[in-house]
Amino acid sequence: MVLQTLSPGAESTLVIAPMLIVLVAAVGTLLLGTRPRARAGVSLAGGAAYLVAVAAIDWYVVLAPDAPGAATYQVGGLPAPFGITLVADGLSAFMLTMVAVIGVASLIFSIRVLPELDRRSYYFPLFHFLALGVTGAFLTGDLFNLFVWFEVMLMASYIFVAYYGGPQHTRAAFWYVALNLLASAVFLLGVGGIYATTGTLNMADLARRLAAPAAYGIDPGPVVGLLGLLLSVFAIKAGLVPFQFWIPTAYRAAPPPITALLAGATKKVGIYAIIRLSFTVFADAQISVNLAIPAVGTILAGDSPLAFIGAVLFVMGTASILVGGLGAVGRDSLEGVLAYSSIGQVGFIAVPVAIAATTTVPDIRHIAIVAALVYALNHALAKGMLFLAVGAVRTATGTSRLADLGGLASRSPLLAGAFFIGSLALVGIPPLSGFFGKFLVFDAAAQAGSMSVLVLLLAGSLLTIAYATRAWNRSFWGQRTPAVEDAVADPVQVAVLLALAVTIVAVGIGFEPIYRFADAAATAALDTDGYVDAVDPNQTVSGVDGGNVDAGAGAGGGGGETGMGTEPETEPGTGTINTSDGGELP
Amino acid sequence: MTTVIMRTTARIVVPIVLIVAISLLIEGHNLPGGGFIAGVLTSTAFVIVYIAFGLDFLERGVLGRDVDPGKTPSRDRVVVAYRRLFTVGLAIAVGSGLVPLALDHPFLSQSYIVLEGVPLYHHLEIASALAFDLGVYCVVIGGLLTIISVVGAE
């Protein structure tokens with residue numbers, strides 16, 4: 001029996017735990033076939049286990065006093081950069097926590113919404129596969145593997161968009177599938193190009209090679225353009241202008257709990273991928289960017305791909321804020337308002353990312369990333385909760401058209417209260433979670449000294465107030481319509497909404513630990529060396545024998561020094577197999 | 001009904017396709033091949049049968065069951081079996097990945113064992129990757145044939 005594998009430590013096994021839990025839950029619900037109660041039970045157990053596993057990652061890897069800050073898992077025991085590495089660091093953990101909270105809420109909600117639909121179809125297995133794709137995308141440390149998880153996520157979401165099978169659902173699904181197939185092709189093209197340019201797809205290895213291209217004998221020039229391709233793919237997932245057009249139809253077509261998950265979790269995968277690739281992987285690349293049009297002159301110049309990313313994201317983000325805000329004001333259904341609103345809100349997340357990419361001051365970059373993350377958390381909670389609230393309104397009244405609604409507040413005060421808190425969080429009223437998100441975004445813009453950005457953000461905030469007020473007035477205040485008159489809100493759905501509302505209030509009031517977490521996440525996102533070191537500790541110090549590396553304790557670089565000088569120095573840049581060279585990084 | 005040429009060709013080709021598929025499955029872990037391609041090839045054999053003899057042939061001709069022609073294909077016993085095969089395959093693949101975890105190795109770790117002195121073969125190599133491949137094989141056959149029979153009936 002030959003098993004040449006590294007035996008992982010406890011932290012390391014934790015990294016893969018959330019993925020295994022959703023995978024087993026997906027297979028379990030499939031095996032249970034046509035027993036809806038058992039399926040729901042297994043789903044809930046999986047959701048609870050997922051929450052526990054993510055909380056354990058949060059604590060043991062990121063937040064505990066002696067936490068390593070990052071943990072890795074080498075799938076199949078194949079060492080990085082050859083195998084697939086899973087990395088849980090602050091940024092991944094922050095994103096996973098967001099998904100876990102909104103995912104479990106929408107899972108409980110689903111059980112009350114869909115008993116009759118699930119009987120003959122695959123709702124719960126697909127739900128878990130969607131969660132699996134999102135989880136994998138947050139954890140993977142490999143660019144091609146990221147593509148695979150995107151596909152897993154998309155396959156499940158295709159079916160959900162077409163779930164009800166009516167004409168408008170099929171139409172929405174057709175657009176959604178066509179657009180995403182195109183995006184996947186572009187993604188693959190970008191990944192292939194990056195492999196051809198740098199010779200690796202492991203993110204840590206990529207970062208190391210791009211920081212010292214000469215040592216590896218590569219010309220990193222094409223990487224900027226390839227990164228542009230990837231950026232457009234991630235912008236499609238995040239729904240940034242000009243790739244926002246699929247969002248309203250797809251969000252209206254999918255079942256409400258799934259829409260909550262699409263807006264709360266899969267959208268954030270796009271944002272996560274932009275932050276991870278831009279700041280962790282490509283930030284140290286030494287490439288001069290010089291974009292000039294003969295008639296106009298130099299448009300942008302810088303010595304890092306970040307200058308390019310920043311400029312593009314900035315345009316996309318501000319356009320999203322305006323398009324989303326203006327679009328939301330005129331919609332005639334609650335889903336429509338929220339779908340356009342989520343285009344605008346993603347703009348609010350993209351703008352601080354753009355600020356972080358354009359600035360050269362480390363402190364401003366840090367605060368801008370924190371702002372983007374806190375805003376993303378707020379958006380996941382508030383928008384997820386609002387979409388669930390629309391689901392509850394639809395269960396109760398059978399409609400979500402603003403014209404048919406009115407006076408819901410007197411009919412179901414608790415449902416109305418939850419919707420109200422969600423809207424206020426979206427607007428950014430203290431002490432809710434949204435206030436800190438908006439505050440940090442404004443703070444980052446002010447520190448970067450950009451007046452025009454501040455004005456745009458302010459305009460976007462005013463639009464938020466306008467559409468949130470309109471949606472609230474039309475559906476919850478005023479005369480009761482016939483649809484509302486005999487509406488009965490489902491108690492379990494309302495309980496889920498209230499739990500989320502309490503979470504939003506709690507995040508706002510007890511903001512200090514959340515800030516600490518977001519701070520750790522931003523540090524992890526910006527700490528390329530730490531990431532490289534966590535994935536591959538024997539790479540940063542020359543001469544450590546690869547066979548002795550303990551993948552489990554591979555964080556923080558503590559073990560690296562021991563090997564110094566035990567082996568003759570290898571010449572950097574000799575081989576394509578980079579276990580033979582090291583010491584490029586400070 | 002299709003032509004005599006088509007049906008005669010199908011009789012000859014289908015066994016060959018199936019044998020090639022199984023050989024691809026078995027040697028896939030260290031030679032070109034594997035669960036996916038073997039599954040696709042096996043599905044192709046079924047598709048040839050479907051094209052040559054019609055959608056009901058498998059149930060009526062091979063399994064000797066009565067087929068109610070008005071029934072929706074997704075309720076057919078054969079399609080139910082395909083879907084079950086898909087699920088079982090997925091369970092096998094995931095399970096084969098989980099076994100190394102129980103033995104304190106990373107998820108999806110693989111190994112192999114060499115048996116000497118086996119009758120006929122002499123030297124036989126059994127790889128754990130075969131279990132994963134088998135799972136993939138079942139998933140591909142189950143998934144593809146479900147789609148083909150349901151969409152084909154429409």
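# Strand pair, cores and cavities

In chain A, β1 and strand β2 (residues 85–89) pair in the antiparallel sense, over 5 bridges. This is a predicted model. The structure holds 6 cavities of 30 Å³ or more. Its largest nonpolar core has 205 residues.

**The strand pair**

- Within the pairing, Q74(A) stands opposite T85(A) of β2(A).
- Strand β1 of chain A covers residues 70–74, and 5 of its 5 residues are buried, so the rest of the structure largely encloses it.
- Both faces of β1(A) are covered. A70(A), T72(A) and Q74(A) are buried on one side. A71(A) and Y73(A) are buried on the other.

**Nonpolar cores**

- L143(A) and F234(A) touch the most other members of the 205-residue core.
- Helix α15 (residues 362–397) of chain A gives this core its largest share, 23 residues.
- Another core lies apart from it and has 18 residues. Among them are A10(B), A38(B), L58(B) and I141(B).
- In soluble globular proteins, nonpolar side chains tend to be buried together.

**Contacts of L143(A)**

- Neighbours within four places in sequence are left aside here. L143(A) is then in contact with V191(A), I194(A), L201(A), M203(A) and L206(A), and also with L230(A) and L277(A).

**Largest cavity**

- The largest cavity has a volume of about 130 Å³.
- It is lined by 16 residues. The closest to its centre are Y50(A), G103(A), V104(A), F127(A) and A131(A).
- Four helices of chain A each supply at least two lining residues: α2 (36–63), α3 (90–113), α5 (123–139) and α12 (256–281).
- The lining has 12 nonpolar and 4 polar residues, with no charged residues.

**Second largest cavity**

- The second largest cavity has a volume of about 80 Å³.
- Its lining includes M153(A), L154(A) and S157(A), along with Y176(A) and N180(A). K237(A), W246(A), Y251(A), L262(A), T266(A) and K267(A) also line this cavity.
- In chain A, α6 (143–161), α7 (167–198), α11 (246–253) and α12 each supply at least two residues of this lining.
- By class, the lining divides into 6 nonpolar, 3 polar and 2 charged residues.
- Helix α12 of chain A thus serves both linings: at least two residues in the largest cavity, and at least two in the second largest.

Technical notes
Residues are numbered from 1 along each chain as its sequence is written. Chains are lettered from A and ligands numbered from 1 in the order in which they are written. This is a predicted model: local features need pLDDT of at least 70, side-chain atom pairs count only at pLDDT 80 or more; totals for chains, interfaces and linings use all residues. Side-chain values use heavy atoms; hydrogens and water are left out. On a 1 Å grid over the protein atoms alone, a cavity is a set of points where a 1.4 Å probe fits but cannot get out, and a pocket is an open set with protein on both sides within 12 Å along at least five of seven lines; lining residues have an atom within 4 Å of a point. Grid points are joined across faces, edges and corners, and a volume is the space filled by probe spheres set on the points. Ala, Val, Leu, Ile, Met, Phe, Trp, Tyr, Cys and Pro count as nonpolar, Asp, Glu, Lys and Arg as charged, and the others, Gly among them, as polar. Buried means under 20% relative accessible area, exposed over 50%, partly exposed in between (1.4 Å probe, protein chains only). Two strands pair if DSSP finds at least two bridges between them. A nonpolar core is a set of buried Ala, Val, Leu, Ile, Met, Phe, Trp, Tyr and Cys residues joined through side-chain atoms within 4.5 Å. Contact means heavy atoms within 4.5 Å.
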